[in-house]
Amino acid sequence: MDERLHKRGMAIAGLLVGLPTVAAGGTGAVLGLMVVWDGKYLTGDEHTLLLLWSSAGIIGLLSWLWLSGLFLWRGVAGLRQSPVAAWAGLALGVLAALGVIAAALYFTFKHGEISTLAFLGFGPPLLVMAGHLAWLRWSRVASPPPAPG
Amino acid sequence: MDERRLKYLYAVLAVAFGLPSLAVGGVAATMLLLTGLGQFGHGTLAAVTVMPLWGLAGIAGCLAWLWLSAGYLLQGRAGLQVHRLWWWMLLAGGLAAVPPLGLALWWSITVHAEGIALLLLGPSMLVPAAVLVWIKRRA
């Protein structure tokens with residue numbers, strides 16, 4: 001498929017789904033950091049766990065913004081030349097989002113509260129978009145657009 | 001006008017007039033569609049036909065506007081060379097936005113100036129949509 005169609009789709013999905021998720025997930029991660037900073041309600045390993053989880057989430061959100069901006073600006077060629085650090089950050093974000101899914105499912109089934117499923121909005125939608133980015137980077141599906149002129 | 005400057009102007013118009021209507025009008029159109037569908041079986045004939053169709057037209061307009069705007073902003077005028085169906089969807093959205101436009105004008109003139117806020121239900125998106133049509137026509 002033509003790279004330009006992927007660009008359009010990614011711009012629209014990023015606006016409708018990506019940015020709200022970044023806002024919600026970023027708020028959650030910053031709240032986590034603030035709870036760690038306060039330190040009153042945590043015991044034992046919870047400090048380290050929450051610190052790592054929140055930092056991984058923030059790094060993942062920033063990496064996603066970076067890589068999707070790169071794709072919209074430079075296309076697949078830009079993704080192929082992107083630094084490894086951005087992809088490592090995205091992988092950290094994937095781990096954090098999987099943690100959110102695990103926590104949401106755990107609380108839903110343990111406490112029988114259907115409303116905790118709303119936590120699935122705090123990051124996991126970006127898993128799909130991160131998968132799209134990685135797919136564009138490593139597979140040969142997207143052809144570069146024909147040369148102008 | 002310079003091609004690049006026209007694109008910047010369009011981006012500003014899309015953010016100022018398009019995005020508010022996309023958020024408010026998109027939600028309103030979805031609710032209209034769902035309410036209309038929920039009345040099947042016990043609503044009046046007008047309710048089960050007009051409401052879902054109106055909602056569908058609004059949603060189609062939002063999708064077409066997103067697709068065409070992303071195309072124009074990313075690829076310039078070449079991005080507007082799309083299937084004719086997208087333009088018909090944009091027209092459907094434009095028609096769906098006319099009743100709130102009339103309501104906003106009538107309300108703000110006869111009742112209270114705050115009625116002008118109804119423009120956010122979709123009519124304000126007519127501004128960037130008209131610019132898109134104008135750019136396409138000029139070619």
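Let me begin with a definition, since a residue is called buried if 20 or more other C-beta atoms lie within 10 Å of its own, exposed if 12 or fewer, and partly exposed in between. In this predicted model, Trp87(A) has 18 C-beta neighbours inside 10 Å and therefore counts as partly exposed. Trp87(A) belongs to helix H4 of chain A, and its C-alpha atom is separated by 19 Å from that of Gly26(A), a residue 61 positions away along the chain.

That brings me to helix H4 itself, and to its packing against helix H2. The axes of H2, residues 46–74 of chain A, and H4, residues 84–111 of chain A, come within 7 Å and cross at roughly 130°, so H2(A) and H4(A) are oblique to each other. The crossing in which H2(A) passes H4(A) is left-handed. On the H2(A) side, the residues making the contact include Trp53(A), Trp64(A) and Trp66(A), together with Gly57(A) and Gly60(A), while H4(A) contributes, among others, Ala86(A), Gly89(A), Leu90(A), Gly93(A) and Gly99(A). If we sort the residues of this contact between H2(A) and H4(A) by character, we find 15 nonpolar and six polar, with no charged residue.

Finally, a word on the two chains, where we can ask how many residues of chain B are in contact with chain A. There are six, and they meet six residues of chain A. On the side of chain B that touches chain A, four of the residues are nonpolar and two are polar, and none is charged.

Terms used. Residues are numbered from 1 along each chain as its sequence is written. Chains are lettered from A and ligands numbered from 1 in the order in which they are written. This is a predicted model: local features need pLDDT of at least 70, side-chain atom pairs count only at pLDDT 80 or more; totals for chains, interfaces and linings use all residues. Axes are lines fitted to C-alpha atoms, for helices over the stretch in contact, and angles run from 0 to 180 degrees between N-to-C directions. Helices (H or I, at least four residues) and strands (E, at least two) are DSSP runs, numbered from the N terminus. Angles under 35 degrees count as roughly parallel, over 145 as roughly antiparallel, 65 to 115 as roughly perpendicular and the rest as oblique. A crossing is left-handed if the near helix is turned anticlockwise from the far one by less than a right angle, and right-handed if clockwise. Two residues are in contact if their C-beta atoms, placed from the backbone, lie within 7 Å. Ala, Val, Leu, Ile, Met, Phe, Trp, Tyr, Cys and Pro count as nonpolar, Asp, Glu, Lys and Arg as charged, and the others, Gly among them, as polar.
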